[in-house]
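Got your viewer open and ready? Here is a short walk through the model, one selection at a time.

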Amino acid sequence: MPPDHRDPTQASEWLRRAHSNLARARAGRSVPEVLYEDLCFDAQQAAEKAIKAVLVHRKVAFPKTHDIIDLLTILQRSDLEVPEEIQQADLLTGYAVETRYPGLSEEVTQEDYAQALELTERVVRWAESLLSPR
């Protein structure tokens, strides 16, 4: 039977969705109408889903939230050491809501986007390393 790509109890499905968001974030501004805010939203979503993949893999319950530091704190409470360079991904949390709507934040710059992408790629690699068989 093929895998159910909607099954939220499968860490691989969370990671698959993280990869999809990361691919969209990496696509960059292929046309001028694409906003850095939206690319950073996809970056945040990729990091969030990668962290949720780790939580699912470790069978740790988590609330519906976009707050990266809350999710990482839950992981730490489950006796998983979260490296400082992964905790820095908390900077992505603001892209989950504030930058998605006009007037809620300052304009996102190309430098902000580059930083968001680098942080997200770091989180996704970290999650992959925790989910890969040893």
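A residue counts as exposed when its relative accessible area is over 50%, and as buried when that area is under 20%. Keep those cut-offs handy for the stops below. One more thing before we start: what you are looking at is a predicted model.

**Stop 1: before the first helix**

Select Arg 6, which sits in the segment before H1. Its relative accessibility is 70%, so Arg 6 counts as exposed. Now add Arg 17 to the selection. These two are 11 residues apart in sequence, and their C-alpha atoms are 9.9 Å apart in space.

**Stop 2: H1 against H2**

Next, show helix H1 (11-26) and helix H2 (36-57). Two packed helices are described by the angle between their axes and the distance between the axes. For H1 and H2, the angle is about 165° and the axes are 8 Å apart. An angle over 145 degrees counts as roughly antiparallel, and H1 and H2 are therefore roughly antiparallel to each other. Their crossing is left-handed.

To see who does the touching, pick out residues on both sides. H1 brings Ala 11, Trp 14, Leu 15 and Ala 18, among others, while the H2 side includes Leu 39, Ala 43, Ala 46 and Ala 50. Sorted by class, the residues of this contact are 12 nonpolar, three polar and five charged.

**Stop 3: H2 against H3**

Keep H2 on screen and add helix H3 (68-77). Here the packing angle is about 15°, with the two axes 10 Å apart. That makes H2 roughly parallel to H3. This crossing, too, is left-handed.

Which residues meet here? From H2, select Gln 44, Ala 47, Glu 48, Ile 51, Lys 52, Val 54 and Leu 55; from H3, select Ile 68, Leu 71, Leu 72, Ile 74 and Leu 75. The contact of H2 with H3 has nine nonpolar residues, one polar and two charged.

**Stop 4: H2 against H5**

Now bring in helix H5 (110-131). The axes of H2 and H5 come within 9 Å and cross at roughly 15°. As a result of that angle, H2 is roughly parallel to H5, and H2 passes H5 in a left-handed crossing.

On the H2 side, look for residues including Tyr 36, Cys 40, Ala 47, Ala 50 and Val 54; on the H5 side, try Tyr 113, Ala 116, Val 123, Trp 126 and Ala 127, which are among those in the contact. How does this contact divide by class? There are 18 nonpolar residues, four polar and one charged.

**Stop 5: Ala 127**

Stay in helix H5 and zoom in on Ala 127. Is Ala 127 buried or exposed? With 0% relative accessibility, Ala 127 counts as buried. Leaving out residues up to four places away in sequence, Ala 127 touches Leu 15, Ala 50 and Val 54. Then look across to His 19: Ala 127 and His 19 are 108 residues apart in sequence, but 11 Å apart in space from C-alpha to C-alpha.

**Stop 6: the core**

In soluble globular proteins, nonpolar side chains tend to be buried together. To explore that here, turn to the largest nonpolar core, which has 40 residues. Select Ile 51, Leu 72, Leu 75 and Trp 126, the ones with the most contacts inside this core. H1, H2, H3 and H5 each supply at least two of its residues, and H2 gives the most, with 12.

Trp 126 deserves its own selection. Besides neighbours within four places in sequence, Trp 126 is in contact with Val 54, Leu 72, Leu 75, Leu 80, Glu 81, Val 82, Pro 83 and Ile 86.

**Stop 7: two loop residues**

Finally, check some backbone angles. Most residues other than glycine have a negative phi. Lys 59, however, has a positive phi of about 60° although it is not a glycine. You'll find Lys 59 in the loop between H2 and H3, where it is exposed, with a relative accessible area of 76%.

Asp 79 is another non-glycine residue with a positive phi, of about 70°. Look for Asp 79 in the loop between H3 and helix H4 (84-87). Asp 79 is exposed, with a relative accessible area of 72%.

Notes. Residues numbered from 1 in each chain as written. Predicted model: local features only at pLDDT ≥ 70, side-chain atom pairs only at ≥ 80, totals over all residues. Heavy atoms only, no water. Core = buried A, V, L, I, M, F, W, Y, C linked by side-chain atoms within 4.5 Å. Buried < 20%, exposed > 50% of the residue type's maximum accessible area, 1.4 Å probe, protein only. Helix = DSSP H or I, 4+ residues; strand = E, 2+ residues; numbered from the N terminus. Contact = heavy atoms within 4.5 Å. Axes fitted to C-alpha atoms, helices over the stretch in contact; angles between N-to-C directions. Parallel < 35°, antiparallel > 145°, perpendicular 65-115°, else oblique. Left-handed = near helix turned anticlockwise from the far one by under 90°. Nonpolar A, V, L, I, M, F, W, Y, C, P; charged D, E, K, R; others polar.
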